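The exercises below are meant to be worked through with the sequence and the model side by side. Try each task before reading its solution.

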Amino acid sequence: MRKTKQMSIDVSDYSIIKEGEAEILMHAKNEVFYNKTQFLVQVNNRDISIAVLRAFIPKRKQEHEAKLSKRTKAAKKVSEEDASELLAEEAPTRSDMHDEKSNGECAVQKETSLDEPHCISEEPIDTMDEKGPGELKPPRVLEALSASGLRALRYAREVEGIGQVVALDNDKVSVEACRRNIKFNGSVASSKVDSQLADARVYMLTHPKEFDVVDLDPYGSPSVFLDSAVQCVADGGILMCTATDMAVLCGGNGEACYSKYGSYPLRGKYCHEMALRIVLASIESHANRYKRYIVPVLSVQMDFYVRVFVRIYTSASAMKNTPLKLSFVYQCTSCDSFHLQPIGRTVSKNNSVRYLPGFGPVVPQECSDCGKKFNMGGPIWSAPIHDQEWVTSILADVKSMKDSYPAYNRIVAVLTTISEELPDVPLFLSLHNLCATLKCTSPSAVIFRSAVLNAGYRISGTHVNPLGMKTDAPMDVIWDIMRCWVKNHPVKAQQPDQSGSVILAKEPVLQVKANFARAVASLSKAQAKKVARFLPNPERHWGPKLRAGRQVTSKHVSLLGPDAVNGSRNHQEDEEPNSKRQKTDQAAVA
């Protein structure tokens with residue numbers, strides 16, 4: 001056991017910040033990364049992480065019990081087969097002995113031989129139990145970048161059945177603050193949370209497959225941690241990863257995104273969902289190097305970051321399916337048409353499966369809708385980014401424990417919207433962008449949804465954008481629906497070389513004219529019940545704040561607002577040392 005250095009805490013020097021069941025002591029100087037104005041952002045992040053952990057623990061237990069049951073049945077089957085074979089071999093021996101001997105030796109021999117199979121049938125079961133998995137231990141959690149330790153403390157105090165929580169940081173001040181907060185939270189936290197001073201990358205590399213849960217929540221890109229993180233997670237464990245470098249992931253710096261994540265982003269209305277899929281593709285790429293692969297459980301874009309929850313498994317054969325889950329994206333430079341190009345495909349013959357390159361190209365050199373060129377991005381994760389069974393379970397659990405989640409309204413809104421998304425449709429369209437291209441009045445979302453449904457296709461919303469629509473309808477059907485809408489709602493004449501003019505110049509090719517009659521499923525269940533799905537920002541100047549340790553200057557007015565900048569300056573002046581003030585005053589007098 002590591003001896004904990006006793007610390008004397010003068011609470012008067014600190015302000016107490018409470019979140020959930022955890023409390024932390026924050027010094028007036030705020031030397032450890034904790035932005036008070038980001039409290040509402042981080043509580044969303046931590047609440048949804050706790051909800052996923054609460055769903056993961058019973059799921060892990062069920063899987064363990066199923067594995068034990070399967071192994072027990074296999075052991076019984078093997079033992080029965082061995083026993084039957086042994087009986088078949090001994091049957092002629094017994095009959096010969098019965099013919100040769102007429103005294104009581106025969107009965108004794110029969111009893112002995114009949115008892116032997118029972119002994120044989122029991123021994124393999126005991127052996128399999130010894131070889132199989134033993135008692136399931138509580139899951140171990142690694143918080144790789146802990147700072148104040150608030151997240152680790154909440155995990156330890158709020159998640160039932162959690163095991164040891166290791167909180168890492170490579171900053172001495174942060175580790176001291178974390179240990180102080182652990183002690184302040186009492187015996188439960190002290191017995192479960194262990195704060196260590198270490199480089200997260202080195203620690204994860206030196207502890208392969210030792211943690212059932214690894215949490216990465218860096219300020220910026222998680223790319224430098226992914227290679228070691230995928231090695232640190234145990235088989236069937238879960239990796240929780242946040243990325244806040246949205247400017248990079250959404251196409252602001254495509255070359256930087258490619259160098260960090262191995263994918264090139266495109267600037268479109270779907271850029272935030274594409275960011276999610278780029279992060280998933282990057283994690284999969286790192287996992288594949290060690291014969292591992294990921295299964296996404298939940299992928300969320302909230303506020304100004306993305307967060308993904310993926311399970312990691314080891315299988316060289318299952319890893320071969322990775323090219324089937326990745327695609328390149330072709331985005332028209334003028335209209336909203338986009339197409340996906342899968343990297344790989346499979347061909348089945350008899351009982352064998354061959355893995356081959358994907359067919360291509362899926363698009364010609366020029367867009368078939370408007371005649372312009374395409375931009376190409378990716379590769380991105382084009383398989384489902386959520387497990388709907390998990391989402392339903394998490395949502396039900398959150399609703400049943402409303403008082404346990406400080407950000408209950410926000411995470412219920414996000415999870416409700418995710419539960420209604422089409423899981424097998426990558427990216428989405430924006431109705432307003434479609435109408436902007438044609439320069440026409442916009443139909444209501446219900447009317448547009450009805451037209452798509454009446455045409456025989458599926459459509460849903462997306463949690464990423466309140467105006468986004470995910471559909472499996474091809475782009476030519478979407479543009480046909482819009483052409484039919486414009487026929488009923490004419491637009492002014494445009495220049496013939498405009499994309500809208502080129503699209504409207506073509507006649508609809510739908511077999512039946514688009515039907516805009518309201519469909520029964522045009523509203524989701526949440527919309528029909530008027531459940532809030534997109535909540536307003538909690539404060540003005542909503543956005544990411546400064547990295548810890550940086551000073552606020554006048555150039556941050558547009559980011560933080562004048563009140564925040566002035567308040568920070570006054571705070572810095574109040575903390576100015578007396579010696580420095582005296583020198584300044586003497587210089588002014590001189």
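**Exercise 1: Salt bridges**

Both Arg 151 and Asp 215 are buried, where buried means under 20% relative accessible area, exposed over 50% and partly exposed in between, with a 1.4 Å probe and protein chains only. The model is a predicted one, in which local features need pLDDT of at least 70 and side-chain atom pairs count only at pLDDT 80 or more, while totals for chains, interfaces and linings use all residues. Residues are numbered from 1 along each chain as its sequence is written, and side-chain values use heavy atoms, with hydrogens and water left out.

Task: Find how Arg 151 and Asp 215 are paired, and in which elements they lie.

Solution. Begin with the criterion: a salt bridge is a side-chain nitrogen of Lys or Arg within 4 Å of a carboxyl oxygen of Asp or Glu. Arg 151 and Asp 215 form such a salt bridge, with their closest N and O atoms 3.6 Å apart. Next, locate the partners: Arg 151 belongs to helix α3 (residues 150-158) and Asp 215 to strand β6, so the pair ties together parts that are 64 residues apart in sequence. Helices (H or I, at least four residues) and strands (E, at least two) are DSSP runs, numbered from the N terminus.

Task: Is Asp 303, which forms a salt bridge with Arg 410, buried or exposed?

Solution. The side chains of Asp 303 and Arg 410 meet at 3.1 Å, N to O. Asp 303 sits in the loop between β8 and β9, whereas Arg 410 is in helix α12 (residues 408-419), so this salt bridge ties together parts that are 107 residues apart in sequence. With a relative accessibility of 18%, Asp 303 counts as buried. Elsewhere, salt bridges that share partners join Glu 19, Arg 46, Asp 47, Arg 154 and Glu 158 into one network. The structure holds 22 salt bridges.

Arg 140 and Glu 210 form another one, the closest N and O atoms being 3.8 Å apart. Arg 140 counts as partly exposed at 25% relative accessibility, and Glu 210 counts as partly exposed at 33%.

**Exercise 2: The sheet of seven strands**

Task: Work out which strands stand at the edges of the open sheet of seven strands.

Solution. Two strands pair if DSSP finds at least two bridges between them. The order of the sheet is β5-β4-β3-β6-β7-β9-β8, with mixed pairing. β5 (193-197) and β8 (292-302) are at the edges, each with a single partner strand, so one side of each is left without a neighbour in the sheet. From one strand to the next the twist averages 15°; angles run from 0 to 180 degrees between N-to-C directions, and axes are lines fitted to C-alpha atoms, for helices over the stretch in contact.

Within this sheet, strand β3 (residues 141-143) and β6 pair in the parallel sense over three bridges, and Leu 142 has Val 214 as its bridge partner in β6. α7 lies across β3, β6, β7 (233-243), β8 and β9 (305-314), running at about 150° to β7.

Task: Which residues does Pro 218 touch?

Solution. Pro 218 lies in the loop between β6 (211-216) and α7 (223-232). Contact means heavy atoms within 4.5 Å. Not counting residues up to four places away in sequence, Pro 218 touches Leu 145, Phe 225, Thr 242 and Thr 244. Pro 218 counts as buried, at 8% relative accessibility.

**Exercise 3: Helix α10 and its neighbours**

Task: Describe how helix α9 packs with helix α10.

Solution. Two packed helices are described by the angle between their axes and the distance between the axes. For α9 (residues 254-261) and α10 (residues 271-288) the angle is about 30° and the axes are 10 Å apart. That makes α9 roughly parallel to α10, since angles under 35 degrees count as roughly parallel, over 145 as roughly antiparallel, 65 to 115 as roughly perpendicular and the rest as oblique. Cys 257, Lys 260 and Tyr 261 of α9 make the contact with Ile 278, Val 279 and Ser 282 of α10.

Task: In what order do the strands of the three-stranded sheet come?

Solution. The three strands form an open sheet in the order β11-β10-β14, and their pairing is antiparallel. β11 (338-342) and β14 (374-381) are the edge strands, each pairing on one side only. The twist averages 25° from one strand to the next. α10 packs on this sheet, touching β10 and β14, and its direction makes about 55° with that of β14.
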